[in-house]
Amino acid sequence: MVLGLSTGTLVVFALVAVALVLFVSEWLPPDITAIGVLVALAVLEPYTGVTATDALQGFASRAVVTIIAMYVLSAGIEETGVVDYLGAVLAEVTGGDEGRLLGATVGVTGFSAGFVNNTPVVAVFIPMITGLSEEAGISPSKLLMPLSFAAMLGGTLTLVGTSTTLLASDFSRDLLGHPLSMFEITPVGVVVLAVGLAYLLTVGRWLVPERIPAAADFTDEFDLDRHLGVLVVREDSPLVGRTVAEALDDGELPEDDLAEGTAVEVPRAGDEPSEPPTAGDGGPEPADPDVDVLQVERDGDAFVASATDRELRAGDRLTVRGSLRAVNGFAARHGLTQRSREAVTEDRLVAAPHDATLVEAVVHPESRVAGRTVGDLRLRERFDTTVLAVRRGGELVREDLDGTELQRGDALLLQTDAATADYFEEAGYLVVTERALADEGDEPSPEPVDAETTGVSATAESAAGETATAVPSGPGLGADAAVAIGILATVITLAATGVVPVTIGALGGVVALVATGTLTANEAYDAVNWSVVFLLAGLLPLGVAMQATGGAGALAAGLVTVGEAVPPLALLAVLYLLTAVVAAVITPVATVVLLIPVAVTTAERLGLDGFPFLLVVTFAAANAFITPIGYQTNLMVYGPGGYRFTDFARVGAPLQLLLTVVTTLAIAAMWPP
């Protein structure tokens, strides 16, 4: 016994401490950390009181199953173009006015997030908002953070808005015998959303920084003016008669990678994406590791360098990426003449083949490329894709890109083509947030290729003309969209009226989506964010252990001391602030698992109703504004907005304090402690 704590409590606290360190350091992905906690709890059963059966119960949790189903229902709404339609409506009704655009963005996002999982809502809205801001001459930084915050605020409108509320409902059932109904928290959620949106449209609008210049093209946005240049092949250059691949590589690519001058075929939609090979798979080391040749211009035509097998000729103009020193060395080694006064702009880079494009793409919070270096991914060899720069918040990386380890939320500027950019999204590697497309006015576009049935090649030739616009031009809603909306509405209605539990209704909705052909079975499985599922299932046994060993009671003792000195309303406010700070550092899910048992135990010891204490933790965890790492949507806008880490505290801290008062009063008014 240490300080009155049992051995079991100390063991559980030690596991919690290790888990917190891993969550913050990200030495392991959060979902793997959660599974490690699950395993440790079961192995240490004599101390934790968690049997193997208890440890695995998280996978059968109603919250986990409901979240799986809601991911699929959200995909049904997304895939049938409903969110795209909303984006087109935004473009039509705002008319380029910043105030109207901001109001429409946060209003539509906040409401949508109450019924559709807020992560895919933000993923779809980022490119739309970026495109709209460019058309209106507004910095995207002014809109992307409000977009994320509004999605978080809207998630608390209903039971199914976010995984946090679904998880809280399970705890409420187990600890208080009172599961949350579909619209039970809606009155408080409406107040929170209204106050939050009012803040974002007034004080928040003034506080949100303009990190990315309005209407800046990609080369300006990523400050590439000193890292892009033009070189001319001289008659005596050793590159004459050689392809770009031959000029830059010391050897041949291995058989399992691209052969010289060919391209990787992008798998069909629904296929299992292949894992990018590692750097140690036998590939060649480039002779000029800090220089990339992006395109070759000849007689008024331009070709993407990595996608062409044309031999270089005297007079060819090479657009290259690299530091001034590296480019100087490259030119001297290969007999090239520099055109120092010739600027390389976005228009020049996308005016190559008609499918050539520059793409800004974000490393999704759950992406498999997080923790890998750019060189590991071998994008140039496998996909004719070149990384031009990496933006991590307000920091730009434009040198030693191959050695740069990618992190969640990083924004990458890529030279690629439309089909490959689509594949990166479908495979779960990146979220494409903005595209700069070639002008196709000179030639008619070919018929679109049906990727579902034919597959798509990542070569320049096969994807010509298959570009996509960032903002749809007035799409209509088809029959599939009506079916998806109807199924979601039916699920919500059945759950709200108590005809069936929300878990059963949501699963029935999944069956209906597949049975009607709105989604295929493969699309349904692909829609689920399995890392979130494993995170939830892995952490739920920790709540059991906290209760079984007395750990929750030990932590509650400190809050009880505070509660004996202040009124219950003030204690609720203290609990809200504590939860908000913890959730901003670790995941909201982990925060709910750790603090809801503590909150309920505190209320019981003080002779108070535990339900308002549970709700305070739920709302505070769902609204973790003050860091970019606390919530997935914040990470998703971190790179595209060019924000600094402290920008979230600058805008989010006042909102957090405001909602501490508003949420506490609203909950206390509805459910007096």
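Buried, in this talk, means under 20% relative accessible area. Keep that cut-off in mind. The model is predicted.

Start with Pro127. This proline sits in helix α8, residues 118-136. Is Pro127 buried or exposed? Its relative accessible area is 16%, so Pro127 is buried. Now look across to Val431. Pro127 and Val431 are 304 residues apart in sequence. In space, their C-alpha atoms are 9.2 Å apart.

Next, salt bridges. How many does a search of the whole structure find? Ten. I'll take a few.

First up is Arg173 with Asp170. Their closest N and O atoms are 2.8 Å apart. Both residues belong to helix α10, residues 163-176. They are three residues apart there, so about one helical turn separates them. The accessibilities differ in class. Arg173 has 26% relative accessibility and counts as partly exposed. Asp170 has 10%, so Asp170 counts as buried.

Then Asp236 and Arg234. This salt bridge has its closest N and O atoms at 3.2 Å. Asp236 is exposed, with a relative accessible area of 57%. Arg234 is partly exposed, at 35% relative accessibility.

Now Asp316 and Arg298. Their side chains meet in a salt bridge at 2.7 Å, N to O. Where do the two residues lie? Asp316 is in the loop between β4 (301-304) and β5 (317-321). Arg298 is in strand β3, residues 292-298. The two are 18 residues apart, and the pair links distant parts of the chain. Asp316 and Arg298 are both buried.

There is also a network. Salt bridges with shared partners join Glu221, Glu360 and Arg391 into one.

Let's move to the surface. Which residues form the negative patch? Asp290, Glu399, Asp400 and Asp402. Take Glu399 from that group. You'll find Glu399 in the loop between β9 (395-397) and β10 (411-417). Patch members need over 30% relative accessible area and no salt bridge. Glu399 has 46%, so this residue counts as partly exposed.

The other patch is nonpolar. Leu56, Phe59, Tyr525, Trp530 and Phe534 make it, and its area is about 510 Å². Leu56 lies in helix α4, residues 52-56. With a relative accessible area of 49%, Leu56 is partly exposed.

To recap the burial story. Pro127 is buried in the model. So are both partners of the Asp316 and Arg298 salt bridge. Glu399, from the negative patch, is partly exposed. Leu56, from the nonpolar patch, is partly exposed too.

Conventions
Residues are numbered from 1 along each chain as its sequence is written. This is a predicted model: local features need pLDDT of at least 70, side-chain atom pairs count only at pLDDT 80 or more; totals for chains, interfaces and linings use all residues. Side-chain values use heavy atoms; hydrogens and water are left out. Patches are made of residues with over 30% relative accessible area and no salt bridge: like charges are joined within 9 Å, nonpolar side chains (Val, Leu, Ile, Met, Phe, Trp, Tyr) within 5 Å. Accessible areas come from the Shrake-Rupley method with a 1.4 Å probe; for residues, only the protein chains shown count as cover. A salt bridge is a side-chain nitrogen of Lys or Arg within 4 Å of a carboxyl oxygen of Asp or Glu. Lys and Arg count as positive and Asp and Glu as negative; His and the chain ends are not counted. The place of a charge is taken as NZ of Lys, CZ of Arg, CG of Asp or CD of Glu. Helices (H or I, at least four residues) and strands (E, at least two) are DSSP runs, numbered from the N terminus. Buried means under 20% relative accessible area, exposed over 50%, partly exposed in between (1.4 Å probe, protein chains only).
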